[in-house]
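Visitor: I am new to this structure and would love a close look at a single part of it. Could you pick one helix and walk me through its surroundings?

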Amino acid sequence: MFKIKRAYEPASAEDGKRILVDRLWPRGLAKAKAELDEWDRRVAPSDGLRRWYAHSPQRWREFKARYARELREACPEELKRLRALGRGKVVTLVFASRAPAMNNAAALKEIIETRRAVLPAASRNLRRHGARSG
């Protein structure tokens, strides 16, 4: 099970494993106070995508699509690892953005929980046509 939480909110026992999923460290936050289990920069959006999005609500849907594409191409194994961490356990994706619903952690949570979004295109095509992989 995945949750999201702002880095500046206090950690709690209900957070489970806490993973910071931003490329940049949250401004003004001491590492000890963050109480993180990991900082996974690999799953953060690229600088170019982050700057293009600029937390514009009009770009949210396109941001999620571009971000999912980046993740599929750059780190599919990391997505598998995160998905496995969330099976039967709570994983909190930690972010710094002031936007509680339109940030990279919210998009990442949706991408992880939507299996189709993280499968390589070839795998989707094989499964759609009933072919077996492996």
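Guide: Let us start from the outside: the protein chain has an accessible surface of about 8,200 Å², and 51% of that belongs to carbon and sulfur atoms. Please keep in mind that this is a predicted model. The protein chain has 134 residues, of which 38% count as buried. Its secondary structure comes to 7 helices and 4 strands, and from the N terminus on the elements run β-β-α-β-α-α-α-β-α-α-α. Among contacts in the protein chain with a separation of 6 or more, 62% are between residues 24 or more positions apart.

Now to the helix I would pick, α3. Helix α3 covers residues 60-74, which makes 15 residues, and it reaches 21 Å from its first C-alpha to its last, close to the 21 Å expected at 1.5 Å a residue. Which residues of α3 are buried? They are W60, F63, K64, Y67, A68 and L71. These residues cover an arc of only 130° around the axis, so they sit on the same side of α3. On the other side of α3, R61 and E73 are exposed.

Let us follow the buried side inward. The largest nonpolar core has 23 residues, and Y67, L71, L93 and L108 touch the most other members. Several elements each supply at least two residues of this core: α2 (47-53), α3, α4 (76-85), β4 (91-95) and α5 (104-113). The largest share, 6 residues, comes from α5. For a closer view, take L71: leaving aside residues up to four places away in sequence, L71 touches V43, P76, L79, L108 and I111. There is also a second, separate core of 5 residues, which includes L20, L29, A34 and V94.

Next, the aromatic rings. A search of the whole structure finds 5 aromatic pairs. One of them is formed by W25 and W39, an edge-to-face pair at 5.1 Å centre to centre with 70° between the planes. This pair links distant parts of the chain, with W25 in the loop between β2 (17-20) and α1 (31-34) and W39 in strand β3 (residues 38-39), 14 residues apart. W25 counts as partly exposed because its relative accessibility is 24%, and W39 counts as partly exposed at 25%.

Back in our helix, the ring centres of W60 and F63 are 5.9 Å apart and their planes are at 25°, so this pair is stacked. W60 and F63 both lie in helix α3, 3 residues apart, about one turn of the helix. Both W60 and F63 are buried. Ring pairs also link Y53, W60, F63 and Y67 into a cluster.

One last stop is E70, which also lies in helix α3. Is E70 buried or exposed? Neither label fits, because a relative accessibility of 25% makes E70 partly exposed. E70 and V43 are 27 residues apart in sequence, and their C-alpha atoms are 9.0 Å apart in space. Not counting residues up to four places away in sequence, E70 touches P45, S46, L49 and C75.

Methods: Residues are numbered from 1 along each chain as its sequence is written. This is a predicted model: local features need pLDDT of at least 70, side-chain atom pairs count only at pLDDT 80 or more; totals for chains, interfaces and linings use all residues. Side-chain values use heavy atoms; hydrogens and water are left out. Buried means under 20% relative accessible area, exposed over 50%, partly exposed in between (1.4 Å probe, protein chains only). Contact means heavy atoms within 4.5 Å. Accessible areas come from the Shrake-Rupley method with a 1.4 Å probe; for residues, only the protein chains shown count as cover. The expected span of a helix is 1.5 Å times one less than its number of residues. The arc is that of the directions from the helix axis to the C-beta atoms. A nonpolar core is a set of buried Ala, Val, Leu, Ile, Met, Phe, Trp, Tyr and Cys residues joined through side-chain atoms within 4.5 Å. Rings of Phe, Tyr and Trp (its six-membered ring) pair if their centres lie within 6.5 Å; planes under 30 degrees apart count as stacked, over 60 as edge-to-face and the rest as tilted.
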